[in-house]
Amino acid sequence: MFRVLFFLSFVLITAVSCGQKKHPIKGETAFQKKLNATYKDVTTSPLKPEDRKQFDGLDFFKFDSAYIVKATLKRTPDSKWFNMKTTTSRVSQERVFGIISFILKGKKYELQLYQNKDLKDKEGFEDYLFLPFLDATNGTETYGGGRYIDTKIPSGDVLIIDFNTAYNPYCAYNANYSCPIVPRANYLDIKIKAGVKQFKK
């Protein structure tokens with residue numbers, strides 16, 4: 001009987017211990033939870049092994065609906081492909097798909113929206129568009145190299161841009177990655193206090 005009780009106690013203690021090691025995925029929004037889950041998973045995380053072991057969630061600005069903007073898209077169908085520089089010797093073949101304009105905090109801004117030559121023919125990415133940007137928080141509150149937003153080709157000329165979904169390039173976490181460098185044309189002279197903050201180890 002003692003052996004049975006000992007075994008049951010051992011199983012209970014083990015179960016409790018395992019349960020304590022599992023923490024719910026942090027995040028205020030679905031985007032934040034999904035991103036944290038990706039960074040926590042060893043098969044998808046850009047984090048270095050030593051950083052992933054201590055990882056319990058990225059640091060985000062508080063969700064703010066003021067940073068969800070309705071942008072007008074002016075397409076540039078005749079734009080040529082060019083080599084966008086990256087953080088390594090690799091280049092990324094892109095073209096300016098169009099120019100988006102929007103009002104944020106009472107002021108009008110414009111950003112270039114890019115389409116990748118390789119991805120446009122890849123299944124599942126045919127309508128993918130890339131929106132990298134710089135802003136006045138870079139180097140202090142956010143990653144110095146700017147941040148990215150993923151979006152899709154709209155059916156019309158209106159695009160909803162949610163800066164709360166702005167994320168860091170993978171090279172912000174690991175220098176082994178090759179990340180497109182944000183063109184200076186996409187600098188916003190305003191603090192975008194939305195999305196992912198600077199990564200602190």
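## A tour from salt bridge to helix face

Start by selecting Glu 141 and Lys 193: their side chains meet in a salt bridge, with N and O 2.5 Å apart. Glu 141 sits in the loop between E5 and E6, while Lys 193 belongs to the segment after strand E8 (187-188), so this pair ties together parts that are 52 residues apart in sequence. Keep in mind that you're looking at a predicted model. Turn on the surface and you'll find Glu 141 partly exposed, with a relative accessible area of 26%. Lys 193 is partly exposed too, at 34%.

Why would two such side chains pair up? Side chains of opposite charge can do so when their charged atoms come close. The structure holds six salt bridges, so let's visit another couple of them.

Next, select Asp 135 and Arg 147, whose side chains form a salt bridge at 3.3 Å, N to O. Asp 135 is in strand E5 (residues 128-135) and Arg 147 is in strand E6 (residues 147-152), so the bridge ties together parts that are 12 residues apart in sequence. Are these two buried or exposed? Both Asp 135 and Arg 147 are buried.

Now jump to Glu 28 and Lys 62, another salt bridge, where the closest N and O atoms are 3.6 Å apart. Glu 28 lies in the loop between helix H1 (2-21) and H2, and Lys 62 in the loop between H3 and E1, so the pair links parts that are 34 residues apart in sequence. Glu 28 is partly exposed, at 44% relative accessible area, whereas Lys 62 counts as exposed, at 63%.

From there, move on to helix H2 and select residues 30-40. Which residues of H2 are buried? They are Gln 32, Leu 35, Asn 36 and Tyr 39. Look down the axis of H2: its buried residues fall within an arc of 100 degrees, so they line one face of the helix. Spin to the face turned away from that buried side, and you'll meet the exposed residues Ala 30 and Lys 34. Show helix H3 (49-53) as well, since H3 is among what covers the buried residues of H2.

For a change of scenery, select Phe 63, Ile 68, Val 158 and Ile 160, which make a nonpolar surface patch of about 330 Å². Ile 68 is in strand E1 (residues 68-75) and counts as partly exposed, at 34% relative accessibility.

Last stop: the cysteines Cys 171 and Cys 179. Cys 171 is buried at 14% relative accessibility, and Cys 179 is buried at 4%. How many disulfides does the structure hold? Zero.

Notes
Residues numbered from 1 in each chain as written. Predicted model: local features only at pLDDT ≥ 70, side-chain atom pairs only at ≥ 80, totals over all residues. Heavy atoms only, no water. Buried < 20%, exposed > 50% of the residue type's maximum accessible area, 1.4 Å probe, protein only. Helix = DSSP H or I, 4+ residues; strand = E, 2+ residues; numbered from the N terminus. Arc of directions from axis to C-beta. Contact = heavy atoms within 4.5 Å. Patch = residues over 30% accessible without salt bridge, like charges linked within 9 Å, V, L, I, M, F, W, Y side chains within 5 Å. Areas by Shrake-Rupley, 256 points an atom, 1.4 Å probe, with all protein chains shown as cover. Salt bridge = Lys/Arg side-chain N within 4 Å of Asp/Glu carboxyl O. Disulfide = S-S within 2.5 Å.
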